[in-house]
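Dear colleague,

I am handing over the structure we spoke about, with the sequence alongside. Please look through the model first; my notes on what was found in it follow below.

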Amino acid sequence: MTNADRFDCAVIGAGVMGASVALPLARAGMRVALVDRGPICREASGVNAGTLTMQMTRAALIPYALKAWELWMDTPRWLGLSVGAEQRDGLSVAFTEAEVAILEARAAARRAAGAPITLVDGARAREIEPGLSERALRVGHCPVDGFASAYLTGRAFRVALEGAGVALREGVAVTGVERVRGGWQVRVADGEPLMATRVVLAGGVWLEDMAGWFGIRLPIKVLINQLAVTERMPPVMQSVLGIASGLLSLKQYPNGTVLIGGGWQGRGGRHDGRGDAFVPEALIGNIRLAAFVLPALRRARIVRAWLGLEAETADALPVLGPLPGVEDGWIIGSVHSGYTSGPFMGALLADAILGRPLALPLFPIDRLLAQKDAA
Ligand SMILES: Cc1cc2nc3c(=O)[nH]c(=O)nc-3n(C[C@H](O)[C@H](O)[C@H](O)COP(=O)(O)OP(=O)(O)OC[C@H]3O[C@@H](n4cnc5c(N)ncnc54)[C@H](O)[C@@H]3O)c2cc1C
């Protein structure tokens, strides 16, 4: 083992969570390795819908998302590159009385948590978004919304991480972690293991496998979210549009393409890879809904569709904190609207690792393990 293979911290998984932990640790002076079996930010963090939203974020996570939203809007300052982040009005639309009830309850909970959401009628909503369907009854409006281009995330983080001296090891699959004298030995599929004093698990939907390396049973549900993008169109919308039930997200990028999402599910699991489980029927439903909400999309042609894997815990709240009973072991992930909150969540965990005061509480995983035992 050479000195070059010894680190103060090994972060396993280079999505937005792992990258957001590794960067502040390195900037605080730690020697950090960030290890991923693929390229940086090419799973959920590189293929997501890029919505930076309060309306789809769980109320408990609003304070975290608000701080992270500010970070996304300002990446040239702290990452050195833009990720195409743009502030837009966020609209969450209700078309039926049942949806109005859902919308009012959700907006109230999020407003209480600090999100500046107001409810407006359809006419006011169409002033904000002229292309919106005339059948909108009531609409949640949040000016703190917008989007980034998820596929630019890895490029921006790479520059910052390398500038901060992080050893970025891409194409390196970790197979296990073992306690050895002086820290942790991180075993990899091909090549020499890494040595690190601390280890952070940031494996997205694969966190269940990673927790298993420590004998911890942490059930992680896998959502298989489908997305589609249209050809370039003339301007058809200027807001970020969703519906109260959550089954739609729509935005038009500056190049004219419209991204259609909403969590319509594909098939498969965390060990099936990505891209081989697309469900075309779900795509058709998603597109029909999109064209109902924004009629100009009836003219749109879809040029590409794909899917990605999103992690969720039993209570849909994050795993963020120490690994119970594991000295110098930490875990981060399963954050609802995790792209939105990612940069702040990562910085928060880095503060915990560095022993700094925390701006907001962590989400220790003990609660999830206890639920498992009780079941
Ligand atoms: C299609 C889709 C749309 C979404 N849309 C939005 C949205 O609009 N707004 C929003 O806020 N959120 C959205 N999300 C959620 C968001 O993308 C995720 O919450 C977030 O990106 C998760 O980041 P992560 O770093 O935890 O996981 P990931 O980005 O999945 O990163 C985990 C990494 O761990 C690596 N890894 C796994 N096992 C190993 C191993 N053994 N060795 C080494 N490396 C390993 C993987 O290669 C991967 O790079 C969406 C998710 C999906 C899938």
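The domain assignment divides the protein chain into domain 1 (3–45 + 152–219 + 315–374) and domain 2 (87–144 + 221–312), and please keep in mind throughout that this is a predicted model. The C-alpha centres of domain 1 and domain 2 lie 30 Å apart, and the contact takes 9 residues from domain 1 and 7 residues from domain 2. On the side of domain 1 that touches domain 2, the residues divide into 5 nonpolar, 3 polar and 1 charged.

As to the overall form, the protein chain contains 11 helices and 16 strands, and its C-alpha atoms fill a box of roughly 65 × 40 × 40 Å when this is taken along the principal axes. The radius of gyration of the protein chain is 21 Å, which agrees with the value near 21 Å that a compact globule of 375 residues would have. Buried residues make up 47% of the 375 residues, and, among the contacts with a separation of 6 or more, 72% are accounted for by residues 24 or more positions apart.

Turning to the interior, the largest nonpolar core has 115 residues, of which A10, I12, A22, V32 and I332 touch the most other members. Helix α1 (residues 16–27) gives the largest share of this core, with 8 residues. Because domain 1 (3–45 + 152–219 + 315–374) and domain 2 (87–144 + 221–312) both give residues to this core, it lies between them. If residues up to four places away in sequence are not counted, I12 touches V35, V174, V186, V199, V200, L201, A202, G203 and M210.

The ligand site may be of most use for your work. Around the ligand there are 39 residues, and the closest are G13, G15, G204, G308 and G338. The elements that give two or more residues to this shell are α1, β2 (32–36), α2 (44–47), β10 (221–230), β14 (302–312) and α10 (338–354), with the largest share, 4 residues, coming from α10. By residue class, the shell around the ligand divides into 16 nonpolar, 18 polar and 5 charged. Which domains does the shell around the ligand draw on? At least three of its residues come from each of domain 1 (3–45 + 152–219 + 315–374) and domain 2 (87–144 + 221–312).

With best regards

Note on methods: Residues are numbered from 1 along each chain as its sequence is written. This is a predicted model: local features need pLDDT of at least 70, side-chain atom pairs count only at pLDDT 80 or more; totals for chains, interfaces and linings use all residues. The radius of gyration is taken over C-alpha atoms; the globule rule is 2.2 Å times the number of residues to the power 0.38. A residue is buried if 20 or more other C-beta atoms lie within 10 Å of its own, exposed if 12 or fewer, and partly exposed in between; C-beta atoms are placed from the backbone. Two residues are in contact if their C-beta atoms, placed from the backbone, lie within 7 Å. A nonpolar core is a set of buried Ala, Val, Leu, Ile, Met, Phe, Trp, Tyr and Cys residues joined through C-beta atoms within 7 Å. Domain bounds come from an automatic or database domain assignment. A residue is near a molecule or strand if its C-beta atom, placed from the backbone, lies within 6 Å of it. Ala, Val, Leu, Ile, Met, Phe, Trp, Tyr, Cys and Pro count as nonpolar, Asp, Glu, Lys and Arg as charged, and the others, Gly among them, as polar.
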